Structure formats: structure tokens, C-alpha cells
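Q: Could you take me through one part of this model at close range? I would like to follow helix-borne contacts and the loops around them, with some word on how far the prediction can be trusted.

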Amino acid sequence: MRYTLHGFEGGFRIGGRRITNLRYADDIVLIASSEEELQELVSRLHGAASMMGMKINGKKTEVMKVSDDPTPLRVTVAGVPLAETKSFKYLGSMFNSEATCDEEAKSRLAIARKRIGELVPIWKSRTTS
């Protein structure tokens, strides 16, 4: 990522800091303010990965646009067009292209309901004091 981001001026400014990516282990989310900027980041990442003997799996890599513009993204890695998605889960949180939290809230509520349901036998137990 150091090679990828060297000299890159794109991304978003949030609280005075420039945000270009989210990373955890081998999961990377690239953040750009335009399709051209995203293509540049993907190409830079592909070049840096190639230098290290790695490659980006174009079949497992997706792009997402948060915008009112319905025009599809045309981003490629090594000539392979990347599929566009409307949502993805990253580190347990759901991100979607509508910039709403409906899916995230529903997902977290479902997890909470499941956990509460697992506690019912303990609450009803006569041996628990």
C-alpha cells in the first residue's frame, strides 16, 4: 500500500485527514471521489502487487459507487472489468450504495435477536439463582 499511495492526491477529506483506503489483513477497500480516481488507485495497487509477486483476483474484486448517478462504473484490473455491487460487508459492518444504514440496522437486529433467543433457556432455568 505504501507504493500504491505514494504521490496519490485523491480520496476524501474527513476531519482534516485524507482517507484513501480501509485495510485489515488482506481485505482492502479503496476510496476515491471519482471513477477515474478509483481506476488510478486500482491500477496503482495492481502495479504494486505485481512488484511483490502478488495479484488482484479480478473475479473476487468488486466496485461500488455511492451516488445518485445511475451510470455504471467501468473499472478494470489487468484488463478484466470489475463487477459492480450495491452493498458489501466489511469487518462485520454493511456498506451500501444508497448511503443508508437500513441493511446494517437489520443485520445487527437479527444478530441481537439470535443472541437473546440463545439466552432464553438460561432465564427460564430454575437452577439459575
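A: Among the elements of the chain, α2 has the highest mean pLDDT, 95, while strand β10 (residues 93-96) has the lowest, 76. This is a predicted model, and the chain as a whole averages a pLDDT of 87, with 93% of the residues scoring at least 70. As a general caution, predicted coordinates should not be read in detail where pLDDT is low.

Let's start with α2, then. Glu 40 and Arg 44 both lie in this helix, four residues apart, which is about one turn. Their side chains meet in a salt bridge, with an N to O distance of 3.0 Å. How exposed are the two partners? Arg 44 has a relative accessibility of 24% and so counts as partly exposed; Glu 40 is partly exposed too, because its relative accessible area is 36%, and the class covers values between 20% and 50%.

Now follow the chain out of the helix. Met 52 sits in the loop between α2 (35-51) and β5 (62-63). With a relative accessible area of 48%, Met 52 is partly exposed. Since a patch takes in residues with over 30% relative accessible area and no salt bridge, Met 52 passes the area cut-off at 48%. Together with Tyr 3, Met 51 and Met 54, Met 52 makes a nonpolar surface patch of about 490 Å².

The salt bridge in α2 has company, as the structure holds three salt bridges. One of them joins Glu 118 to Arg 115, the closest N and O atoms being 3.3 Å apart. Both residues lie in helix α3 (residues 102-124), three residues apart, again about one turn of the helix. Glu 118 is partly exposed at 43% relative accessibility, and Arg 115 is partly exposed at 44%. Another salt bridge links Lys 65 and Asp 69, where the closest N and O atoms are 3.9 Å apart. That pair still qualifies because the cut-off is 4 Å. Asp 69 is partly exposed, with a relative accessible area of 38%.

For the backbone, a good place to look is the hairpin formed by β3 and β4, which has two residues between its strands. Strand β3 (residues 21-24) and strand β4 (residues 27-30) run antiparallel and are joined by four bridges. One of the pairings is between Tyr 24 and Asp 27, its bridge partner in β4. Ala 25 belongs to the loop between β3 and β4, and its phi is near 55°, a positive value in a residue other than glycine. Ala 25 counts as exposed, because its relative accessibility is 74% and the class starts over 50%.

Ala 78 makes a nice companion to look at. This alanine is found in the loop between β6 (76-77) and β7 (80-81). Ala 78 has a positive phi of about 55°, although it is not a glycine. With a relative accessible area of 58%, Ala 78 is exposed.

To put the pieces together: α2 carries the Arg 44 and Glu 40 salt bridge, the loop after this helix holds Met 52, and Met 52 is one of the residues of the nonpolar patch. If you turn to the hairpin, Ala 25 is the residue with the positive phi in the turn.

Note on methods: Residues numbered from 1 in each chain as written. Predicted model: local features only at pLDDT ≥ 70, side-chain atom pairs only at ≥ 80, totals over all residues. Heavy atoms only, no water. Patch = residues over 30% accessible without salt bridge, like charges linked within 9 Å, V, L, I, M, F, W, Y side chains within 5 Å. Areas by Shrake-Rupley, 256 points an atom, 1.4 Å probe, with all protein chains shown as cover. Buried < 20%, exposed > 50% of the residue type's maximum accessible area, 1.4 Å probe, protein only. Pairing = 2+ DSSP bridges. pLDDT = per-residue confidence, 0-100.
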